[in-house]
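Here is a set of questions and answers on one structure. Look at the sequence and the model, then read on.

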Amino acid sequence: MPYGPADAIDLSGLKRALVIQLRHHGDVLLTSPVFTVLKNHAPSVEIDALVYAETRYMLELHPSIAQVHVVDRRWKELAPPARLMREWQLQSALRARGYDLIVHLSEHPRGAWLARSLGARYAVAHNFDRKADFWKRSFTHLAPLPGNGRRHRVELNLDTLRRLGIQPGDDERRLVFVPGEEAERSTDKLLATHGLAPKKFIHFQPGSRWMFKCWPAERAAELIGALSRRGERIVLTAGPDERERAMSAEIRDRTDAQFVDLSGASMLSLKHLAALTARAKLFIGVDSAPMHIAAAMQTPTVALFGPSGEFEWGPWHVPHRVVASVEHPCRPCGNDGCGGGKVSECLSRLPLEAALAAIDSLLAR
């Protein structure tokens, strides 16, 4: 290449790579373009993932991934000998793979330890200023972080590959989520049961386990009522968290509008949720994993943002509209509610009309 870092790596010598992302569901899905880009630029490389056990479903059917290894948070609850055994089994499995490259995408210290202990020829992570020398010396390459923070998380993840000399193409950066045949079939049956046709309904998931990211239940109920009066069919879903289920119950109590309520459907795994979203004509939600899943399924998305920033976490490479307050210069603050009080006024005061205008704008397309 006539340009690129002087210490760019030689991809032709790589056999196996490990990409580590030990964070939440949405964060893991936002790493999916890393696997696509790396595989496209080094087709012969086997690429594995290391994620938390509960997030593995975001990546396990990704066509560019060979194996998904997991860290189970429940290991912490085990007696020390049992936990040590699980850790030893994981370490042995990773060492047996013989990685040439490690790509670490978070601040988790395990990535630095693995970069040292697995003997990979190359290892890359972000250059966090607050990290000590142990971190910085654990990797052969460190990718700088933008000073202004206004860079999408997908691009930040891809920056680790850029630091190695791999320049992603525009057509390689989409999110990838594969629901699988079983989820596709059962979702079709579920929709048929409720008389729903593909692309003839709106999928609304108003909740998040982080309630400070959510619109109030009364506003969500008003939105369902307004859309129902226009003749739109609405499908409501929720995550397994009890607070999300309680929010859905409150929404039901606050509206007489007819809608399909799947918020209590135990069969709605993340794969089923993705298959459902793919069949919707529009997704409405907050900054959470379902919003990123909608983007991966290429469903036009209306996203309500409060304390988190749409520049870093907004819907990626999909037609979308962000609904956010213009009356709160303090946002995005990153806090868990105003003053840490678990209620974000930039969301609680966000008017119904703002959401309806965004919905109308996308549906008009």
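Q: Which side chain of opposite charge is nearest to Glu-244?
A: This is a predicted model, in which local features need pLDDT of at least 70, side-chain atom pairs count only at pLDDT 80 or more, and totals for chains, interfaces and linings use all residues. Residues are numbered from 1 along each chain as its sequence is written, and side-chain values use heavy atoms, leaving out hydrogens and water. Glu-244 is buried (under 20% relative accessible area, with exposed over 50% and partly exposed in between, for a 1.4 Å probe and protein chains only), and has no salt bridge (a side-chain nitrogen of Lys or Arg within 4 Å of a carboxyl oxygen of Asp or Glu). With Lys and Arg counted as positive, Asp and Glu as negative, and His and the chain ends not counted, the nearest side chain of opposite charge is 6.8 Å away and belongs to Arg-209.

Q: Which helix holds Glu-244, and what does Glu-244 touch?
A: Helices (H or I, at least four residues) and strands (E, at least two) are DSSP runs, numbered from the N terminus. Glu-244 lies in helix H9, residues 242–254. Not counting residues up to four places away in sequence, Glu-244 is in contact (heavy atoms within 4.5 Å) with Gln-205, Gly-207, Ser-208, Arg-209, Ala-238 and Gly-239.

Q: How far apart in the chain are Glu-184 and Arg-279?
A: The side chains of Glu-184 and Arg-279 meet in a salt bridge of 2.6 Å, N to O. Glu-184 is in helix H7 (residues 181–193), and Arg-279 is in the loop between helix H10 (270–278) and strand E10 (282–286). The pair links distant parts of the chain, 95 residues apart.

Q: Is Arg-279 buried or exposed?
A: Its partner Glu-184 has 26% relative accessibility and counts as partly exposed. Arg-279 has 12% relative accessibility, so Arg-279 counts as buried.

Q: In the salt bridge of Arg-74 and Asp-72, what is the distance from N to O?
A: Arg-74 is exposed because its relative accessibility is 56%. Asp-72, at 15%, is buried. Their side chains meet at 2.9 Å.

Q: How many salt bridges does the rule count?
A: Side chains of opposite charge can pair when their charged atoms come close. Arg-151, Glu-155, Asp-159, Arg-162, Asp-170 and Arg-173 are linked in a network of such bridges. The count comes to 31.

Q: How many residues of helix H6 are buried?
A: Helix H6 spans residues 153–163 and is mostly covered. What covers its buried residues includes strand E1 (16–21), helix H2 (32–41) and strand E4 (101–104). The number buried is ten of eleven.

Q: Which helix gives the most to the largest nonpolar core?
A: A nonpolar core is a set of buried Ala, Val, Leu, Ile, Met, Phe, Trp, Tyr and Cys residues joined through side-chain atoms within 4.5 Å. The largest one has 48 residues, and Leu-59, Leu-101, Leu-161 and Leu-175 have the most contacts inside it. The helix that gives the most, with five residues, is H11 (residues 289–296).

Q: Why is H11 described as largely enclosed?
A: What covers the buried residues of H11 includes helix H1 (25–29), strand E7 (202–205) and strand E11 (301–305). H11 is largely enclosed by the rest of the structure because the number of its residues that are buried is eight of eight.
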